[in-house]
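Thanks, everyone, for making the time this morning. Please bring up the sequence and the structure, and we can go through them together.

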Amino acid sequence: MTPVLRAADRPVLIAFGFVVLLIILGGLYNPQFLSAFYLLQQLQVASFLGIIASGLMVVILLGHIDLSIPWVVTIGGMTATAATGWWGEPFAWLGPLVAIASGSVIRLANGLGVALLRIPSMVFTLGMNAVVQGIVVMYTGANAPVDRATPILKWLAVHETFHVPHAAIVWAIFGLLVVLMLGRTPFGRYVCAIGNSERVTYPSGVNTRSILIAAFIASGACSAFSGAVLAGYAGKAYQAMGDPYLLPAIAAVVLRGTSILGESGSYPGTIAGVILITVLDSILSVAQIPEAAPQIIYGAIIIGMMLVYGRARRTEG
């Protein structure tokens with residue numbers, strides 16, 4: 001199975017069906033859930049998670065995981081807002097590019113650790129997350145370098161064109177790039193091959209290490225850029241702003257699209273997972289359900305998908 005647009009996939013349609021069902025149930029609880037304003041607002045909020053999930057999907061397709069999302073998102077937001085402080089107002093537009101560069105550098109280190117040192121991605125990326133957290137806290141003194149978002153970040157996050165949030169448009173652009181990259185380029189074919197079996201792919205002449213490194217860099221660029229846009233939405237960057245996105249991002253990718261053990265994936269399934277989790281989180285929040293509930297749900301989704309995919313792999317074997 002290749003990670004391209006497959007609208008007819010039954011699991012994806014089921015996931016979108018759950019989204020519609022949740023919205024209807026929410027509408028019964030509060031009619032505002034069915035308003036166009038609410039739906040567009042949820043699309044805007046989902047965009048931050050969607051951009052992160054777009055890059056993470058590539059890493060998971062390779063059979064790896066990235067646990068450095070929280071502080072890559074944070075450093076993306078902080079460096080994007082700090083561009084003004086470093087170079088002045090005329091260079092504020094460089095903020096998003098600086099965020100992408102910072103995220104790419106961090107994930108480059110992740111890729112080198114996993115591809116060259118052969119350290120398990122779960123271990124290395126978790127350690128890198130702690131390292132980045134320590135560096136940021138030490139450098140900033142537990143405060144953001146700049147306490148306000150730049151106009152370009154606000155334009156990306158909260159402005160609209162024809163009533164469509166710019167954040168959603170940005171997510172669509174990132175998603176399209178991921179779909180084209182995975183479905184229309186040799187890189188995408190190599191990702192699928194490595195996800196099926198790196199040992200089999202390597203002797204065929206594919207530079208598997210370069211593919212791993214490139215995938216982590218792409219994921220870092222997505223996470224850091226999402227942090228920049230999130231800073232525009234919140235009006236500023238702040239410590240640990242990426243913490244709430246780790247489990248939801250993994251859950252969104254594996255919920256109805258991508259095997260957490262690699263091999264196969266569907267970007268429409270990732271879209272469905274992102275929207276489903278966003279709407280579910282919103283309904284739980286409005287219903288004043290304790291904050292622990294979403295975390296339990298996300299963890300259960302990940303464990304459940306691990307059991308499903310692990311069972312399928314044993315059956316095939």
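I will talk about aromatic pairs and then about one helix packing.

Please keep in mind throughout that this is a predicted model. Taking rings whose centres lie within 6.5 Å as a pair, the count comes to two aromatic pairs. In one of them, the ring centres of Phe48 and Tyr233 are 5.1 Å apart and the planes stand at 55°, so this pair is classed as tilted. The pair ties together distant parts of the chain, since Phe48 sits in helix 2, residues 36–61, and Tyr233 in helix 10, residues 208–234, with their positions 185 residues apart. As for their surroundings, Phe48 counts as buried at 1% relative accessibility, whereas Tyr233 has a relative accessible area of 34% and is partly exposed.

Turning to Phe174 and Phe225, their ring centres are 5.1 Å apart with the planes at 35°, so this pair is tilted. Here too distant parts of the chain are linked, with Phe174 in helix 7, residues 166–184, and Phe225 in helix 10, 51 residues apart. Both Phe174 and Phe225 are buried.

Now to the packing of helix 2 against helix 11, residues 246–255, where the angle is about 65° and the axes are 9 Å apart. The crossing of helix 2 and helix 11 is right-handed. Helix 2 contributes Leu49, Ile52, Ala53, Leu56, Met57 and Ile60 to the contact, and helix 11 contributes Pro248, Ala249, Ile250, Val253 and Val254. What classes of residue make up the contact of helix 2 with helix 11? The contact has 11 nonpolar residues, with no polar and no charged ones.

Methods. Residues are numbered from 1 along each chain as its sequence is written. This is a predicted model: local features need pLDDT of at least 70, side-chain atom pairs count only at pLDDT 80 or more; totals for chains, interfaces and linings use all residues. Side-chain values use heavy atoms; hydrogens and water are left out. Rings of Phe, Tyr and Trp (its six-membered ring) pair if their centres lie within 6.5 Å; planes under 30 degrees apart count as stacked, over 60 as edge-to-face and the rest as tilted. Helices (H or I, at least four residues) and strands (E, at least two) are DSSP runs, numbered from the N terminus. Buried means under 20% relative accessible area, exposed over 50%, partly exposed in between (1.4 Å probe, protein chains only). Axes are lines fitted to C-alpha atoms, for helices over the stretch in contact, and angles run from 0 to 180 degrees between N-to-C directions. A crossing is left-handed if the near helix is turned anticlockwise from the far one by less than a right angle, and right-handed if clockwise. Contact means heavy atoms within 4.5 Å. Ala, Val, Leu, Ile, Met, Phe, Trp, Tyr, Cys and Pro count as nonpolar, Asp, Glu, Lys and Arg as charged, and the others, Gly among them, as polar.
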